Amino acid sequence: MVRYLKSGASLATRAEADRHVRETVEQTLADIEAKGDEAVRRLSETFDRWSPASFRLSPEEIEQAMSEVSPRDLEDIRFAQAQIRRFAEAQLASMQPVEIETRPGVWLGHKHVPIASVGCYIPGGAYPMVASAHMSVLTAKVAGVKRVVAAAPPYKGKPHPAIVAAMHLAGADEILVLGGVQAVGAMAIGTDTIAPVDMLVGPGNAFVAEAKRQLFGRVGIDLFAGPTETLVIADDSVDGLLCATDLLGQAEHGPTSPAALLTNSPALAQQTQEAIDALLQKLPTADIARKAWDTYGEIIVCDSHEEMLEVANEMAYEHVQVMTEDPEFYLERMINYGALFLGPRTNVAFGDKVIGTNHTLPTRKAARYTGGLWVGKFLKTCTYQRILTDEASAEIGRYCSRLCALEGFVGHGEQANERVRRYGRQEVPYASAVTS
C-alpha cells in the first residue's frame with residue numbers, strides 16, 4: 001500500500017503557474033518577432049540591466065574573460081569536459097550507418113547527418129551553470145554541428161568568466177551575453193545581428209522552457225523541460241542524512257523543484273524528514289531549498305521494492321537516485337526516468353557537473369517517451385534508397401502500382417507504372433494498375 005507521509009503541490013496550483021508563464025512568453029516572442037534587436041535590447045535592459053554595444057563577445061573579450069578564471073578552475077573545467085567528450089564520442093561511435101540489400105538490386109540505407117546550426121542556452125541567473133556549456137556546446141561539436149551559438153545571461157553586470165571559458169573551450173562558434181526568453185527567442189527567430197539557428201538546446205527556468213516549447217516546430221529542441229526533479233529510492237541500507245543531503249542538494253535549484261523520497265522503510269522516512277529539518281537550519285541555500293521542499297517535497301512509503309518500482313515508473317522523474325541493497329533490480333526494470341544514479345557512492349551532482357553523462361534531461365513525465373540530451377540529438381538519421389537493376393525496379397513497380405490503385409492514388413501509381421514500362425518492358429495502360 002502506498003502512503004504519503006508528505007505530499008507536494010496540487011496539479012491546480014501548478015496549472016495556474018503554467019498559465020501565467022505561457023501567456024508572458026507568448027507576448028515576449030511576438031515582440032521579438034515584430035521588433036527584432038530593438039525588442040531584445042529592451043528585454044535585456046529590463047530583466048538583466050544589460051545593454052552592451054554588441055551582445056556577441058569579440059575574441060578580445062573572450063580572452064579577457066578567460067584571463068579572469070583561475071588556473072585551478074580552468075583545470076577543473078577541462079577535466080569535466082574531457083569526461084563528457086569521452087562519453088559523447090563513445091555514443092557517436094555506436095551510431096553506425098546502415099545499408100542493406102532487401103531484394104536483389106534494391107538497396108536501402110540510412111546515414112547520420114549533423115544539424116547545421118544549434119543555439120545552446122546556458123542558465124546563469126541565481127547560479128552560473130558552467131556545466132551546461134559542457135553538456136550542450138561540447139556535445140554538439142562532437143556530433144559535428146558546424147555552427148554552435150552559445151548564450152548566457154550576464155552575471156552581476158558582466159559576462160561570467162567561467163561560463164565564457166567553458167563555452168569557448170567547448171568549441172562555441174559564437175558567444176552571446178544574453179539571457180532568458182530574449183536569448184532563445186533571438187537565436188530561434190533571428191534578428192538583424194543574430195542569424196537564426198535550426199535547433200535550441202539547454203536547460204533554463206520556466207520561462208525559457210516555455211519559450212522552447214512555443215518555438216518548437218519553427219526550430220527543433222532537445223526536449224520539453226521544467227524545474228529539476230529528483231527522486232531518491234532508498235531502503236534501510238542507507239541512512240536519513242544521506243537521503244536528506246541528496247534531496248536538498250537538488251531542491252536548491254529553485255523554489256519549484258520537486259524532490260521526493262520513495263522508501264519501504266517507515267523508519268528511514270522519519271529519519272530523512274528529521275535530517276531535512278536539521279540541514280535546513282544550516283544550508284546556505286536553505287531559503288530556496290525550503291520553499292521547494294515545503295511546496296513540492298514528498299515522502300512516499302511503500303510495502304515492497306515491486307511497489308516502489310511501480311510508483312517510480314509512474315512518477316517518471318528526471319533524476320532517479322537508487323540507494324538500495326540491490327540497485328540492479330531498478331536498472332533492469334525501470335523504464336521511465338531521465339537518468340539513473342545507482343548506489344550510495346554516486347549522486348545527481350556528479351551527473352550534473354562532471355562524471356560524463358549529460359545533465360539536460362526530461363521532466364514532467366516526458367521520460368515516458370524520451371531520454372535526455374546526447375550526441376544523437378544533434379544528428380538527423382536520414383534514409384536513402386537506390387535500385388541498381390532493371391529487374392528490381394520493375395518488380396517493386398508492379399507491387400507499388402497495385403498498392404497505389406488500392407488507395408486511389410492514380411498519380412502515385414503512374415510513377416510506378418512508368419518504371420514498369422521502361423525497365424520491365426511491359427505495356428501498362430495509363431492510369432491503370434499493373435495486373436501481372
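Aspartate 76 comes out as partly exposed in this predicted model, with a relative accessible area of 39%. Its salt-bridge partner is arginine 72, with the N-to-O gap between the two side chains at 3.7 Å. Arginine 72 is exposed, at 58% relative accessible area. Both residues belong to helix α4 (residues 71-94), and because they are 4 residues apart there, about one helical turn separates them. As for the general geometry, an α-helix has 3.6 residues a turn, so residues three or four places apart point the same way.

That pair is one of a longer list, since a search of the whole structure turns up 19 salt bridges. A similar arrangement appears in helix α16 (residues 410-423), where arginine 422 and glutamate 418 are 4 residues apart and so sit about one helical turn from each other. Their side chains meet at 2.9 Å, N to O. Arginine 422 counts as exposed at 55% relative accessibility, while glutamate 418, at 26%, counts as partly exposed. The pair doesn't stand alone: salt bridges with shared partners tie Glu414, Glu418, Arg421 and Arg422 into one network.

Glutamate 314 and lysine 365 make another salt bridge, at 2.7 Å from N to O. This one links distant parts of the chain, with glutamate 314 in helix α12 and lysine 365 in the loop between α14 and β14 (379-387), 51 residues apart. Glutamate 314 is exposed, with a relative accessible area of 51%, and lysine 365 is partly exposed at 31%.

Helix α12 (residues 305-315) also has a buried side, so to speak: Glu307, Met308, Leu309, Val311, Ala312, Asn313 and Met315 are its buried residues. These pack against three strands, β9 (230-234), β10 (259-263) and β11 (298-301), and against helix α13 (328-333). Right after α12 comes alanine 316, which has a positive phi, near 50°.

Leucine 279 is found in helix α10 (residues 266-279). The residue is buried, with a relative accessible area of 16%. Setting aside residues up to four places away in sequence, leucine 279 touches Leu241, Ala244, Thr245 and Leu248. Valine 354, by contrast, lies 75 residues from leucine 279 in sequence and 25 Å from it in space, C-alpha to C-alpha.

On the cysteine side, the whole-structure search finds 0 disulfides. Cysteine 243 is in none, and the nearest cysteine sulfur, belonging to cysteine 302, is 14 Å away. Cysteine 243 is also buried, at 0% relative accessible area. What keeps cysteine 400 from bonding with cysteine 404? The sulfur of cysteine 404 is the closest cysteine sulfur to that of cysteine 400, but at 3.8 Å it is too far for a bond, because a disulfide calls for sulfur atoms within 2.5 Å. Cysteine 400 counts as partly exposed, at 33% relative accessibility.

Then there are the open spaces. The largest pocket holds about 1000 Å³ of space. Its lining takes in 49 residues, and the closest to the centre are Pro123, Gly204, Asn205, Ala206 and Val208. Elements giving two or more residues to this lining are α1 (11-35), α2 (37-48), α7 (180-189), α8 (206-215) and α14 (348-353). Of these, α8 gives the most, with 6 residues. By residue type, the lining of the largest pocket splits into 22 nonpolar, 21 polar and 6 charged.

The second largest pocket has about 580 Å³ of space. Asp18, Ala225, Gly226, Pro227 and Arg364 are the closest to its centre among the 23 residues of its lining. Helices α1 and α8 turn up here too, each supplying at least two lining residues. This lining divides into 12 nonpolar, 4 polar and 7 charged residues.

As for closed spaces, the search finds 1 cavity of 30 Å³ or more, and about 50 Å³ of space lies in the largest cavity. Its lining is made up of Leu57, Ala152, Pro153, Pro159, His160, Ile163, Val164, Met167, Ile175, Leu176 and Val177. Two elements, α6 (161-170) and β6 (174-177), give two or more residues to that lining. The cavity lining counts 10 nonpolar residues, 1 polar and no charged.

Technical notes:
Residues numbered from 1 in each chain as written. Predicted model: local features only at pLDDT ≥ 70, side-chain atom pairs only at ≥ 80, totals over all residues. Heavy atoms only, no water. 1 Å grid on protein atoms, 1.4 Å probe; cavity = no way out; pocket = protein on both sides within 12 Å on 5 of 7 lines; lining within 4 Å. Points joined across faces, edges and corners; volume = space filled by probe spheres on them. Nonpolar A, V, L, I, M, F, W, Y, C, P; charged D, E, K, R; others polar. Buried < 20%, exposed > 50% of the residue type's maximum accessible area, 1.4 Å probe, protein only. Contact = heavy atoms within 4.5 Å. Salt bridge = Lys/Arg side-chain N within 4 Å of Asp/Glu carboxyl O.
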